[in-house]
Every structure is written in C-alpha cells, then in structure tokens.
Amino acid sequence: MPIPATENRVVDRPRPVRPQPPVPVEWGYTYVSLRGANGEGEEIPLTGAQGQDWPAVMLLPGAQGLTMPPVELHADASPNLHGSIYRSARYAQREVMLPVYLHGIDRRTLLDLRDRLIEALDPTRGYCVLKFEDSDSRPRYLHCYYKGGIEGDEGEDSAGFRWARYGIQLTAHDPFYYSDSMQVAEWTFGQGEAFLSTGGAFFPLRLDQGLVSTPDLNVHNPGSVEAWPVWELKGPVRSFTFSFAGQSFSIPSASGEAVPAGRTLTIDTRPGYKTLKDDQGVNYWPRLAPNPQLWALPTGRSRISVEMAPGSGAASLRLSFRPRYKSY
C-alpha cells in the first residue's frame, strides 16, 4: 500500500508590531531641553526630534508642574469663629513630571540614549537645567533635581527592543524660572566732573567725588516675582547706605574705609548666599551696621536710595540681578 505524501503546511505566525514613535504635537511651538551637571553637561533636546531624526528623546503630552508653582496658605483658626483668618502665603517647591519616549535605531543606540539621560539626571553630580524656549525666542530656565521615574519597567506598554517610556520626576526647590538676560546698572565716581553729566548714554553715570545721595533712583524688574540683586563696589569708598521701602543695610565710615582702594566688594543678597566678600575673600559682614536688611526688588518699577562717600580715587558701583518668573 503506497504511503501518502506528507502534506506541507505553512503556519502563518503573527509578526511583532513595530511601535511607531509618537509625535509630540503639543510641544510643536516650544523647544525643551535638559542639561545636567549643574547646567554644565551635555544638552539633550526633548522636543527637537521630528520625522526620522533618530535616535532621540521626545517629550510627550501630559507633562505636569510646569506652569504656576504650588502655593502654601497660612491661616489661624478660632474655636469661636467659622472658618479661619488668612495670615500669609508662600510659593512651595515645584514638583515636575515629564513623560518621555526614547527611540533608537537599534538596541545599542537605545541603551546609549538611556545612559546619556541617566547621566544628565544624576543628582549626585548636581542639579539639571530645563530650558524652555517659546516661539518668540525667549528662553527661560528651571533648576531641578531628579527624584525618580527611570527605575525601569519592562512591561509591554513601557519598553521594547529599541524604545522605552519613562515618567521623569523632578523637584525644583527654587520654583521659579530664570531669564538668561541679566539686568545691569552701573555708576562711576570721578574727579572734577558734573554730578550727573548729560553726555553719552544714561548708563554708566559719571558722578562727582564727595557725598553721593540719590534718594529717588528708578530700577525696573521685568520679572513676575521679586529679584535679589548683587551689588559690586569698587573702592575706595568711605561709607555707603542702600535703602528701599524702609529697609536698609550700610557700612559706616566709623569703621574706616568701607571698601579700600583696589578692592571690589560683592554684596550677594540672594537667598542661600547672603554674603559680603571682596575679591580677596575677606568677609565684610561684621562691618555692617546693626540690623542689616538685604532687601529684594519687587516686580515692576521701584525707587531706591543710594548714599555713598567715595574716597580719594576712582570708585564705581554696579547693580545686577536676573529676573525670575512663575511660568515659562
């Protein structure tokens, strides 16, 4: 009896579906990037990849914590009254979540891309800087520390052979965005010139030697929150007093020259700094008059008071600050 030929059958196996990288349409008008190592590391674009520009990291729709920082309200409650009595408000640290999609041309490029992102976010190397540049080319920067989100999830919806999704969690202890433009005003003190010369530009001013008093000096802060200025005094200066809205700090002439000739005193009023040191590292804080208040400049236009007694040589004063914003 003949043996029947074996029937050849081809079994159709489903081919793995290659995931298509999503297009971050919600970020088409804003360029976002990340730079680690206290802002000194490699810049990694999060919205620059379009079309076939791979490998890349893409910021997906759904980012959180990027607009107004969280607010803490403080109030007092009374057992005999309904509700509570408002006392104060403050902005708290900002919590940020960035949903990102990593896409490589093969497995090796995906892992290299992931490692670059991990190095940029490493908090032991310092903070990372998020850069937001809108269509009007106005960049603003947020300083953050990595908190979590790249621990790894190999589920079907979270990772593949050459792609991965993460929800990066960051904490901005300083919740405000900073501009890259520095606001600067300068004044110089010379000999034998008019008190306020009219020649040339408004800044820097040339002021006469002797007691300089400007009780109505106009300063503009373009930011949306107060800014903390940095003052630089180049000696010789016998004494000085800087005042605003009932707050002031000064070094009187009774302690000798406030800033000797050839020295430059830097007064950093920023929170976390609050220092008075010259270019040789000498601490001038003990020389301040009692009850010093290193004040901030509110948003908008302010009128401040500057009183200085320059010494026998050329002296100068420089005021600088970086505006801060509630949102990008």
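1. Let's start with C128. In this predicted model, C128 is buried, with a relative accessible area of 1%. C144 is buried too, and its relative accessible area comes to 0%.

2. Why does C144 form no bond with C128? The closest cysteine sulfur to that of C144 belongs to C128, and the 5.4 Å between them is too far for a bond. A disulfide would need the two sulfur atoms within 2.5 Å. Seen from the other side, C128 is in no disulfide, its nearest cysteine sulfur being that of C144. The count for the model comes to zero disulfides.

3. On to the pockets. The largest pocket has a volume of about 740 Å³. Its lining is made up of 21 residues, and those closest to the pocket centre are H143, D174, Y178, R270 and Y273. These five are good ones to pick out as you look at the structure.

4. Which elements give two or more residues to the lining of the largest pocket? They are the strands β8 (139-148), β10 (177-179) and β20 (315-321). Of the elements, β8 gives the most, with three residues.

5. As for the chemistry of that lining, eleven of the residues are nonpolar, six are charged and four are polar. Among the residues closest to the centre, D174 and R270 belong to the charged class, whereas Y178 and Y273 count as nonpolar under the grouping used here.

Notes: Residues are numbered from 1 along each chain as its sequence is written. This is a predicted model: local features need pLDDT of at least 70, side-chain atom pairs count only at pLDDT 80 or more; totals for chains, interfaces and linings use all residues. Side-chain values use heavy atoms; hydrogens and water are left out. On a 1 Å grid over the protein atoms alone, a cavity is a set of points where a 1.4 Å probe fits but cannot get out, and a pocket is an open set with protein on both sides within 12 Å along at least five of seven lines; lining residues have an atom within 4 Å of a point. Grid points are joined across faces, edges and corners, and a volume is the space filled by probe spheres set on the points. Helices (H or I, at least four residues) and strands (E, at least two) are DSSP runs, numbered from the N terminus. Buried means under 20% relative accessible area, exposed over 50%, partly exposed in between (1.4 Å probe, protein chains only).
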